[in-house]
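Trainee: I am new to this structure and would like a close look at a single part of it. Please take me through the packing between the helices, and set it in its surroundings.

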Amino acid sequence: MSHTIRNKEKLLARIRRLKGQMEAVERALDDSKPCGEVLQLLASVRGALSGLTGEVMQEHLHEHVVHAENEDGRARAAEELAQVLKTYIR
């Protein structure tokens, strides 16, 4: 069973919190809050998303690279992670 399936409820809870944070940004903009407040909310969203991304990447690395069933699976998983990192770093 994949780590995203095994940790599904935990991951979905984090996504729901992210949605709530994004809604707070939307409300702040709708309410014409000061830009400093909006920036703080955006920084919180970015931190939460980075944390979630890091957790899923770490689990991917652990499950699909370190403990891969075979060398082909390890190479495939490492390439997937490399492609994601290229996009993430941009």
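Mentor: What follows starts with the whole chain and then goes through the packing, residue by residue.

Keep in mind that this is a predicted model. The protein chain contains four helices and zero strands, and the order of its elements from the N terminus is α-α-α-α. Its radius of gyration is 17 Å, whereas the globule rule gives 12 Å for 90 residues, so the chain is more spread out than a compact globule. A box of roughly 55 × 30 × 15 Å, taken along the principal axes, holds the C-alpha atoms of the protein chain. Of the 90 residues, 20% count as buried. The accessible surface of the protein chain is about 6800 Å², and carbon and sulfur atoms make up 57% of that area. As for charge, there are 14 positive and 14 negative side chains, and the centres of these two sets are 2 Å apart. Among the contacts in the protein chain with a separation of 6 or more, 58% come from residues 24 or more positions apart.

Now to the packing itself. Which residues form the largest nonpolar core? There are five of them: Leu11, Leu18, Val25, Val45 and Leu52. Two elements, α2 and α3, each give two or more residues to this core. The most comes from α2, which supplies three residues. Val45 is a useful member to look at in detail. Apart from its neighbours within four places in sequence, Val45 is in contact with Leu18, Gln21, Met22 and Val25. Two of these partners, Leu18 and Val25, are also listed in the core.

Further along α2 is Ala28. Is Ala28 buried or exposed? Its relative accessibility is 4%, so it counts as buried, the limit for that being under 20%. Not counting residues up to four places away in sequence, Ala28 touches Lys33, Val38 and Leu41. One of these partners, Val38, is 10 residues from Ala28 along the chain, and the C-alpha atoms of the two are separated by 6.4 Å.

The link between the two helices comes next. Ser32 sits in the loop between α2 (8-30) and α3 (35-66). Its relative accessibility is 63%, and because exposed means over 50%, Ser32 counts as exposed. The phi angle of Ser32 is near 55°, which is a positive value in a residue other than glycine.

Two histidines show other places where parts of the chain touch. His3 belongs to helix α1, residues 3-6. With a relative accessible area of 5%, His3 is buried. Its contacts, leaving aside neighbours within four places in sequence, are Val56, Glu59, His60, Glu63 and His64.

The last of these contacts leads to the second histidine. His64 is placed in helix α3. Its relative accessible area is 27%, so His64 is partly exposed. Leaving aside neighbours within four places in sequence, His64 is in contact with Ser2, His3, Glu59, Gly73, Arg74 and Ala77. Glu80 is 16 residues from His64 in sequence, and the distance between the two is 10.0 Å, C-alpha to C-alpha.

To put the parts together: the core draws two or more residues from each of α2 and α3, the loop between these helices holds Ser32, and His3 of α1 is in contact with His64.

Technical notes:
Residues numbered from 1 in each chain as written. Predicted model: local features only at pLDDT ≥ 70, side-chain atom pairs only at ≥ 80, totals over all residues. Heavy atoms only, no water. Buried < 20%, exposed > 50% of the residue type's maximum accessible area, 1.4 Å probe, protein only. Rg over C-alpha atoms; globule rule 2.2 N^0.38 Å. Contact = heavy atoms within 4.5 Å. Areas by Shrake-Rupley, 256 points an atom, 1.4 Å probe, with all protein chains shown as cover. Lys, Arg positive; Asp, Glu negative; His and termini not counted. Charge placed at Lys NZ, Arg CZ, Asp CG, Glu CD. Core = buried A, V, L, I, M, F, W, Y, C linked by side-chain atoms within 4.5 Å.
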